[in-house]
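Please open the structure in your viewer and keep the selection panel at hand. The tour below moves from one selection to the next and says what is to be found at each stop.

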Amino acid sequence: MTSDPTPASSPPSAAAGVETVSVLADELRRRMYGYIRRAHRPVTREEAAAAAGISAKLAAFHLDKLVSVGLLRSRYDSPGGIRRVGRKPKVYEPTDTDIRVSIPERRPDVLAEILIDAVLDQEPGEDAQSAALRTARHRGEELGAAARARSRPGRLGPERSLTLTEAVMEQHGFEPDRQAPTELRLLNCPFHPLAARSPELVCGINHAFLDGFLTGLQAAGIDAVLAPRPGRCCVELRAASAGRSASGPAAGTCGVKGHGAPPAEEPGSTP
């Protein structure tokens, strides 16, 4: 009989992380999960049941719950490579899923990957910051192109461009807020508080990433503009007719308080 692996899930969103953590709130599940992680080999339900001091039937219920949230994967195999007569038992082993819960959501992994790629792919004569911005734009273009390939939207106007962008930005922790049909604010900076270390660099990366996303999505009539306001992302997505901000990122963006430029005024506000 061939093995029947349960594929490992991709890195979960914050909402999925909360669900996963809630599954581990059960003491029996935590005990079995810890036992399987320490075993460094596939474990049968009978072995997990013995470790937890419960019946194999009850262990199977809890183990399958751990599989359903992506903490374990299962397949039918002979533990230790020992061949036995009859059907192979079901075995469990940990996945590579990385569980993180952050409210508001933070994505330092995205920033780290951009910086690592920038170091590895830095071109001759290119300074580190320019490499980081180029890499961030390329990463954004890839994400936008992937979103376009999934939805196959055809030609995009400004409003539909922002509708598709809003869904993807929600998945990436930006907390999008649709102020108008052609204006999208991002209430959360996934790179905060790292932006406090170097606002110009981090916010420049963020701006390049979002601008690249619009390019990859082939979003028409929408610009990513720098609009720093305390406590939120430095970038807003607006109709191109509203104009662009300065072409380079200003220190103090990404809503980092106490640094650089003051927050932009709300539309219609008086000085």
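Select Arg-178, which is partly exposed with a relative accessible area of 26%, where buried means under 20% relative accessible area, exposed over 50%, and partly exposed in between, for a 1.4 Å probe and protein chains only. This is a predicted model, in which local features need pLDDT of at least 70 and side-chain atom pairs count only at pLDDT 80 or more, while totals for chains, interfaces and linings use all residues. Residues are numbered from 1 along each chain as its sequence is written, and side-chain values use heavy atoms, with hydrogens and water left out.

Add Glu-166 to the selection: its side chain meets that of Arg-178 in a salt bridge at 3.2 Å, N to O, the term standing for a side-chain nitrogen of Lys or Arg within 4 Å of a carboxyl oxygen of Asp or Glu. Because Glu-166 lies in helix H7 (residues 158-171) and Arg-178 in strand S4 (residues 176-180), the pair ties together parts that are 12 residues apart in sequence; helices (H or I, at least four residues) and strands (E, at least two) are DSSP runs numbered from the N terminus. Glu-166 counts as partly exposed, at 23% relative accessibility.

Next, select Glu-183, Arg-185, Arg-229, Arg-232, Glu-236 and Arg-238 together, since salt bridges that share partners join them into one network. By the rule given above, the count comes to 19 salt bridges.

Another of these pairs is found by selecting Arg-139 and Asp-117, whose closest N and O atoms are 2.8 Å apart in a salt bridge. The pair links distant parts of the chain, with Arg-139 in helix H6 (residues 128-151) and Asp-117 in helix H5 (residues 108-120), 22 residues apart. Asp-117 counts as partly exposed, at 26% relative accessibility.

Now go to the loop between H5 and H6, where Glu-126 lies. Is Glu-126 buried or exposed? At 15% relative accessibility, Glu-126 counts as buried, whereas Arg-134, with which Glu-126 forms a salt bridge, is partly exposed with a relative accessible area of 30%. Leaving aside residues up to four places away in sequence, Glu-126 touches Ala-131 and Arg-134, contact meaning heavy atoms within 4.5 Å.

Finally, select strand S2 (residues 72-76), which is mostly covered, 4 of its 5 residues being buried. S2 and strand S3 (residues 90-94) pair in the antiparallel sense over 5 bridges, pairing requiring that DSSP finds at least two bridges between two strands. To see the two strands side by side, display Ser-74, which stands opposite Tyr-92 in S3.
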